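Me: I would like to go through this structure slowly and ask, for each term, what earns it. Could you set the values against the cut-offs as we go?

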Amino acid sequence: MSLRVCGVQVSLGGRPVLSDVDVEVRPGEVFGLVGPNGSGKTTLLRTLYRAVRPVAGTVEVAGLAAGGRRELARILAATTQETEARAALTVREVVSQGRVPHLGLLDRMSAADHEIVDSALRSTSLLDAAERDVRALSGGERQRVSIARALAQQPKVLVLDEPTNHLDLRHQYGVLALLRSLARDGLTVLLTLHDLRLAVEFCDRLAVLDEGRIAATGTPSDVLEPDLLAEVFGVDARLTSNNGRPSLDITGAIGQF
Ligand SMILES: Nc1ncnc2c1ncn2[C@@H]1O[C@H](COP(=O)(O)OP(=O)(O)OP(=O)(O)O)[C@@H](O)[C@H]1O
């Protein structure tokens, strides 16, 4: 199931934030949205789960351009940059919320639902923490709880805003490898990443947002040209090949910081 954003325009506080944005993410693809701070990445993700309404253009999730939130939640799961926990819930209770869109109003979780929750906890290394209060977790642990809840939703399309920014290296690689393997099974994955090295390593294609416009779309090797890296990201960097795999070699920031 695919994601299609066509000609999207968004204004916030009377200011244009996204202009003429076109993005298409295919089933089974890990697609990275990259760009400097304030370029509009989060806003674009928010249009996908309908937290922001574009003033122009269309957003289609698996062919669904309209419909209720519940219908959308059976197809699309999203994680945000917000990891703060306010309610006194255990990790298992939060992850179980991912099953809600699939349950009838008076339904209780079935054995199959519990197994799905266990599997989401296992794949994010949270089984041992399942009975802990989420308010007592570290930022990285809470980030994994958000990802586990999204996985428990068993979506067709998964949208993640900076899913690795609180994670240690091992969990960064663990989560991104997990997303890759889910994509191999047909999941459509769209994520924002600041770490361009990880984007190069794990994404099939990238879109670069710059001041609310798409500056380039394509494979990491097509898109991350030295000129674009300098103009959009302000770094002196180039893609090299490391044992046949593309790798980003960053020399440093350009000019006065
Ligand atoms: N509610 C709002 N009202 C007015 N402007 C907003 C609002 N939300 C975001 N913006 C502005 O929209 C622009 C894009 O913000 P957005 O959060 O989408 O960027 P981003 O690329 O995700 O940034 P970052 O990398 O820092 O997370 C920014 O200039 C931001 O200040």
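Me: What makes the sheet with the order S2-S1-S4 an open one with edges?

Reply: This is a predicted model, and in it three strands form an open sheet in the order S2-S1-S4, with antiparallel pairing. Strand S2 (15-25) and strand S4 (56-61) are its edges, because each has a single partner strand and so one side of each is left without a neighbour in the sheet. From one strand to the next, the twist averages 25 degrees.

Me: How do you know that S1 and S2 are paired?

Reply: Two strands count as paired when at least two bridges are found between them. Strand S1 (residues 3-12) and S2 are joined by seven bridges in the antiparallel sense, so by that cut-off they pair. One of the partnerships can be named: Val8 has Val21 in S2 as its bridge partner.

Me: Which strands of this sheet does helix H1 lie across, and at what angle to S1 does it run?

Reply: Helix H1 (residues 41-48) lies across S1, S2 and S4, and its direction makes about 115 degrees with S1.

Me: What is the strand order of the six-stranded sheet, and why are two of its strands called edge strands?

Reply: The order of this open sheet is S5-S6-S7-S3-S8-S9, with mixed pairing. Strand S5 (76-79) and strand S9 (213-218) are the edge strands, as each pairs on one side only. On average, neighbouring strands here are turned by 15 degrees against each other, with direction ignored. H1 packs on this sheet as well, touching strand S3 (30-34), S5, S6, strand S7 (188-192) and strand S8 (205-210), and its direction is at about 150 degrees to that of S6.

Me: How do you know that S5 and S6 pair?

Reply: The pairing of S5 with strand S6 (residues 157-161) is parallel and rests on four bridges, where at least two are needed, and therefore the two strands count as a pair. Leu76 stands opposite Val157 in S6.

Me: What makes S3 a mostly covered strand, and which strands does S3 pair with?

Reply: Five of the five residues of S3 are buried. Val30, Gly32 and Val34 point one way, while Phe31 and Leu33 point the other way, and all are buried. S3 pairs with S7 in the parallel sense over four bridges, and four bridges also join S3 to S8, again running parallel. Phe31 takes part in both pairings, having Leu190 as its bridge partner in S7 and standing opposite Arg205 in S8.

Me: Why is Val145 called buried, while Gly140 is called partly exposed?

Reply: The test is how many other C-beta atoms lie within 10 Å of a residue's own: 20 or more makes it buried, 12 or fewer makes it exposed, and anything in between makes it partly exposed. Val145 has 28 such neighbours, so Val145 counts as buried. Gly140 has 16, and therefore counts as partly exposed. Val145 lies in helix H5 (residues 139-152), and Gly140 has its place in H5 too.

Me: Which residues touch these two, beyond those up to four places away in sequence?

Reply: Val145 is in contact with Val91, Val94, Val95, Leu126, Val134 and Leu137. Gly140 touches His166, Leu167, Asp168 and His171. Asp168 is 28 residues from Gly140 along the chain, yet their C-alpha atoms are separated by 7.4 Å.

Me: How is the chain divided into domains, and how do you know that the two domains touch?

Reply: Domain 1 covers 1-75 + 156-224, and domain 2 covers 86-154. Their centres, taken over C-alpha atoms, are separated by 23 Å, and the touching shows in the contacts: twelve residues of domain 1 are in contact with eleven residues of domain 2. On the domain 1 side, helix H2 (69-73) and helix H6 (169-184) are the elements that give two or more residues, and H6 gives the most, with four residues. By class, that side has six nonpolar, three polar and three charged residues.

Me: What surrounds the ligand, and which element gives the largest share?

Reply: The shell includes Leu12, Gly13, Arg15, Val17 and Lys41. S2 and H1 are the elements that give two or more residues, and H1 supplies the largest share, three residues. The shell divides into two nonpolar, eight polar and two charged residues.

Terms used. Residues are numbered from 1 along each chain as its sequence is written. This is a predicted model: local features need pLDDT of at least 70, side-chain atom pairs count only at pLDDT 80 or more; totals for chains, interfaces and linings use all residues. Two residues are in contact if their C-beta atoms, placed from the backbone, lie within 7 Å. Axes are lines fitted to C-alpha atoms, for helices over the stretch in contact, and angles run from 0 to 180 degrees between N-to-C directions. Domain bounds come from an automatic or database domain assignment. Ala, Val, Leu, Ile, Met, Phe, Trp, Tyr, Cys and Pro count as nonpolar, Asp, Glu, Lys and Arg as charged, and the others, Gly among them, as polar. A residue is near a molecule or strand if its C-beta atom, placed from the backbone, lies within 6 Å of it.
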